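Keep the viewer open and follow the selections in order. Each stop names what to pick and then what is there.

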Amino acid sequence: MTGEEMDRPSVSAHKKAALGWAGGFVVAMFGTPFIVSAIAMPPGWKQFLMLVPMLLLIPMLRASYAAQPGGMGAPTRRYLIRLFTSMGIYMVSLLTAVYLLKHHLVEGWAMWPLAILPGLSIVGAFYAVGMLIIEQKDEYMRMLLVRQTLVASALALAAATVWGFLENFGLVAHVDAFYWAIVWFFGLGVGAAFNRLTLGTWGGC
Amino acid sequence: MKNRLKVLRAERDWTQGDLAERLEISRQSVNAIETGKYDPSLPLAFRIAALFEMTIEEIFQKD
């Protein structure tokens with residue numbers, strides 16, 4: 001039996017687990033808002049229940065990385081820890097800010113840290129991607145990551161620039177600037193698909 | 001750039017995974033190099049040459 005054949009059962013099991021968690025994520029994404037709107041619960045609980053789908057992303061991504069031949073390397077593990085730490089701070093800081101503002105519990109200078117913290121936590125996600133590129137020892141996988149981020153940056157900058165002019169001419173609605181970060185993360189997915197189409201491999205983030 | 005990686009690997013009855021493990025790179029990297037989709041850096045080319053106890057020119061040739 002070759003090394004590849006010996007690897008197959010565990011890779012297959014990780015793939016099945018990843019699919020299972022992905023299914024759970026989709027169900028939670030659509031189910032949680034329904035449950036939150038249908039059941040009466042104490043203030044603040046609804047916002048924190050909305051974290052459930054995001055929490056399911058952790059085992060889903062862990063399983064999908066483990067499903068790759070060779071398993072999850074140390075740089076990927078550190079990337080996931082950094083990414084989920086950032087996302088955790090983002091969710092908690094945003095939900096806390098929304099709760100405090102909604103109940104008029106904060107005003108004046110205290111608004112500044114509340115407003116800055118969610119943005120800085122997204123910067124933490126950029127940092128996680130950057131550190132993954134730096135720490136990735138496999139030069140081919142690092143090149144795939146760089147291509148992904150180039151595609152993402154091109155997409156986000158192009159979209160922001162074109163939208164900005166359209167907005168200035170009064171042709172489209174205003175879009176808050178933080179949405180371009182979301183376009184950038186979406187662009188990472190487009191970059192991975194670009195890698196897959198041109199080189200046959202998705203890439204790493 | 002052309003290379004003889006696949007032939008050299010087959011001569012030793014190694015899988016792509018075996019070669020990847022010996023070079024401490026991913027299986028995807030071995031596949032990309034073998035299929036000519038990616039040309040390795042000079043340090044990696046030297047490691048490949050050292051593993052097969054050959055010179056770089058004996059493994060990699062210009063198209």
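Select chain B and display its residue contacts, a contact being two residues whose C-beta atoms, placed from the backbone, lie within 7 Å. Among those in chain B that pair residues at least 6 apart in sequence, 51% join residues at least 24 apart. This is a predicted model, in which local features need pLDDT of at least 70 and side-chain atom pairs count only at pLDDT 80 or more, while totals for chains, interfaces and linings use all residues. Residues are numbered from 1 along each chain as its sequence is written, and chains are lettered from A and ligands numbered from 1 in the order in which they are written.

Now colour chain B by secondary structure, where helices (H or I, at least four residues) and strands (E, at least two) are DSSP runs numbered from the N terminus. Five helices and two strands appear in chain B, in the order β-α-α-α-α-α-β from the N terminus on. The radius of gyration of chain B, taken over C-alpha atoms, is 10 Å, close to the 11 Å from the globule rule (2.2 Å times the number of residues to the power 0.38) for 63 residues, so chain B is as compact as a globular protein of that length. Its C-alpha trace spans about 25 × 25 × 20 Å along the principal axes.

Next, select chain A, residues 1-72, 86-137 and 138-205 in turn: these are domains 1, 2 and 3, with bounds from an automatic or database domain assignment. Between domain 1 and domain 2 of chain A, five residues of each are in contact with the other. On the domain 1 side, α2 (45-49) and α3 (51-66) of chain A each supply at least two residues.
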